[in-house]
Amino acid sequence: MDIKNMSGLELLTAMSDGLLPAPSITETIPMKMDVIEKGNVKFIVIADSRHLNPVGGVHGGFAATVLDSVTGCAVHSTLDAGISFGTVDLNIKMMRPIPINTHLFAEGRVINISRNLGVSEGDIKDAAGKIYAHATCTCSIIRPSA
């Protein structure tokens, strides 16, 4: 597979289907793509003993990494082949402590895509729909120079 000729949606779908390797961050932060659609992605995530802060709670970096991933992937899913992106702003609100060893669901949704910016939002919830964290994200859309 030539990833340079794949749209963002095609690339993410190939990763989700196991045709391309998952990004290495998924070894550090357990994230599995569950739904990949244009402008919307859903991951299954789980914090474990590797993600604890000094007082025994799940470190805020866990939620930050998960939310950066789902909001970025939502933007990526809308991009044509050869176009990439980079996060320029990530604003996170922690609603309650992330539980350890619990399957959670992270979703990212595109709010707006323009030529140069992608704006998305995301959240982490449990199976009952209780929200643990929410984020908004702005991505710079990087186009090849002419």
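This passage walks through the fold, the core, one helix and a few single residues of the structure above.

The model is a predicted one. Its secondary structure adds up to 3 helices and 6 strands, and reading along the sequence gives the pattern α-α-β-β-α-β-β-β-β. The radius of gyration comes out at 15 Å, in agreement with the value near 15 Å for a compact globule of 146 residues. Along the principal axes, the C-alpha trace spans about 50 × 30 × 30 Å. Some 38% of the 146 residues count as buried. About 7800 Å² of the protein is exposed, with carbon and sulfur atoms supplying 54% of that area. As for how the chain is knitted together, take the contacts between residues at least 6 apart in sequence: 60% of them join residues at least 24 apart.

Now for the inside. The largest nonpolar core holds 24 residues, and Phe43, Val45, Phe62, Val66, Ile98 and Ile124 are those with the most contacts inside it. Strands S1 (31-37), S2 (40-45), S4 (104-113) and S6 (131-142) each give two or more residues to this core, as does helix H3 (60-76). H3 is the top contributor, with 7 residues.

Ile124 shows what one of these core residues runs into. Leaving out residues up to four places away in sequence, Ile124 touches Ala63, Val66, Leu67, Ile98, Leu104, Phe105, Ala106, Lys130, Ile131, Tyr132 and Ala133. The next residue to look at is Lys125, in strand S5 (117-125). With a relative accessibility of 31%, Lys125 counts as partly exposed. Beyond its neighbours within four places in sequence, Lys125 is in contact with Leu104, Phe105, Lys130, Ile131 and Tyr132. The C-alpha atom of Lys125 also sits 6.4 Å from that of Ala106, although the two residues are 19 apart along the chain.

Helix H1 (residues 8-16) has its own buried set, made up of Gly8, Leu11, Leu12 and Ala14. These residues cover an arc of only 160° around the axis, so they lie on the same side of H1. An α-helix has 3.6 residues a turn, so residues three or four places apart point the same way. The buried residues of H1 pack against S1 and H3. Just after the helix, Gly18 adopts a positive phi of about 80°.

Two residues of H1 turn up again in the surroundings of Ser77. This serine lies in the loop between H3 and strand S3 (84-94), and yet Ser77 is buried, with a relative accessible area of 3%. Not counting residues up to four places away in sequence, Ser77 touches Gly8, Leu9 and Leu12, along with Glu37, Lys38, Gly39 and Asn40.

That leaves the cysteines. The structure contains 0 disulfides. Cys73 is in none, and the nearest cysteine sulfur to it, that of Cys139, is 9.6 Å away. Cys73 counts as buried because its relative accessibility is 14%, under the 20% cut-off. Cys137 is likewise in no disulfide; here the nearest cysteine sulfur, again that of Cys139, is 3.7 Å away. A disulfide needs the two sulfur atoms within 2.5 Å, so a separation of 3.7 Å does not qualify. Cys137 is buried too, with a relative accessible area of 1%.

Notes: Residues are numbered from 1 along each chain as its sequence is written. This is a predicted model: local features need pLDDT of at least 70, side-chain atom pairs count only at pLDDT 80 or more; totals for chains, interfaces and linings use all residues. Side-chain values use heavy atoms; hydrogens and water are left out. Buried means under 20% relative accessible area, exposed over 50%, partly exposed in between (1.4 Å probe, protein chains only). Helices (H or I, at least four residues) and strands (E, at least two) are DSSP runs, numbered from the N terminus. The arc is that of the directions from the helix axis to the C-beta atoms. Contact means heavy atoms within 4.5 Å. A nonpolar core is a set of buried Ala, Val, Leu, Ile, Met, Phe, Trp, Tyr and Cys residues joined through side-chain atoms within 4.5 Å. The radius of gyration is taken over C-alpha atoms; the globule rule is 2.2 Å times the number of residues to the power 0.38. Accessible areas come from the Shrake-Rupley method with a 1.4 Å probe; for residues, only the protein chains shown count as cover.
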